[in-house]
Amino acid sequence: MLSNILATGSSSRIFTVISRQKGIAYHINGDYSFNLGSSAIKIDGQIDANRIEECIDLIFSEFEYVKNNIVSEKELNSRKEQIEFAFCQRSESNESIIELIQRNFDFPITARDYCDNLKKVTEQDTGTGIFT
């Protein structure tokens, strides 16, 4: 959820600040990867070489903001809808179905469970304490 709020798509916080407001990058996006015991959020994009330091500062500012503030119910619900739509859309291709089956061996969860768990995320699950 955090990766989606911060860096997935053109309505993400990082895209809004860096691309729309500051004009530093046309493309900037993020991804979340996880392993048992560790996880990471990766930010990548095509950034004006003369403004890299400014871009890095803005990215960390957004992480800091989300760390110390609760995400609004409106933003959270919008992200939940986006995640659920993307999940369902991806599930329509054979390749994605195979990927879901492979992941299910390591992390057994049904599509229904995934969507139900997504709906359970509240504003209190965001913000203060998420980066501890």
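## A guided tour of the fold

In the protein chain, residues 24 or more positions apart account for 61% of the contacts with a separation of 6 or more. Keep in mind as you look around that this is a predicted model.

**Start with the whole chain.** Show it as a cartoon and trace it from the N terminus: the elements run α-α-β-β-α-α-α-α, which gives six helices and two strands. Along the principal axes, the C-alpha atoms fill a box of roughly 45 × 35 × 30 Å.

**Switch on the surface.** About 9,000 Å² of the protein chain is exposed, and carbon and sulfur atoms supply 51% of that area. Of the 132 residues, 27% are buried. Now colour by charge: you will find 14 positive and 20 negative side chains, with the centres of the two sets 3 Å apart.

**Go inside, to the largest nonpolar core.** Hide the surface and select L6, I14, I18, I28, C55 and I59. Among the 14 residues of this core, these six touch the most other members. Next, colour the elements that give two or more residues to the core: helix 1 (2-7), helix 2 (13-21), strand 1 (25-35) and helix 3 (52-68). Helix 3 provides the largest share, with five residues.

**Centre on C55.** What does C55 touch once its neighbours within four places in sequence are left aside? Show I18, I24, I28 and I47 as sticks, and you have its contacts. Two of these partners, I18 and I28, were in your earlier selection of core residues that touch the most other members.

**Move along to helix 2.** Select R13, I14, F15, V17, I18 and S19, which are the buried residues of this helix. Which elements cover them? The cover includes helix 1, strand 1, strand 2 (38-47), helix 3 and helix 4 (73-90). Before you leave, step past the end of helix 2 to G23, where phi is positive, near 65°.

**Finish at S3.** This serine is found in helix 1. Is S3 buried or exposed? S3 counts as buried because its relative accessibility is 8%, and the cut-off for buried is under 20%. To see what surrounds S3, select T8, G30, D31, Y32 and I41: leaving aside neighbours within four places in sequence, these are the residues in contact with S3.

Conventions:
Residues are numbered from 1 along each chain as its sequence is written. This is a predicted model: local features need pLDDT of at least 70, side-chain atom pairs count only at pLDDT 80 or more; totals for chains, interfaces and linings use all residues. Side-chain values use heavy atoms; hydrogens and water are left out. A nonpolar core is a set of buried Ala, Val, Leu, Ile, Met, Phe, Trp, Tyr and Cys residues joined through side-chain atoms within 4.5 Å. Buried means under 20% relative accessible area, exposed over 50%, partly exposed in between (1.4 Å probe, protein chains only). Helices (H or I, at least four residues) and strands (E, at least two) are DSSP runs, numbered from the N terminus. Contact means heavy atoms within 4.5 Å. Accessible areas come from the Shrake-Rupley method with a 1.4 Å probe; for residues, only the protein chains shown count as cover. Lys and Arg count as positive and Asp and Glu as negative; His and the chain ends are not counted. The place of a charge is taken as NZ of Lys, CZ of Arg, CG of Asp or CD of Glu.
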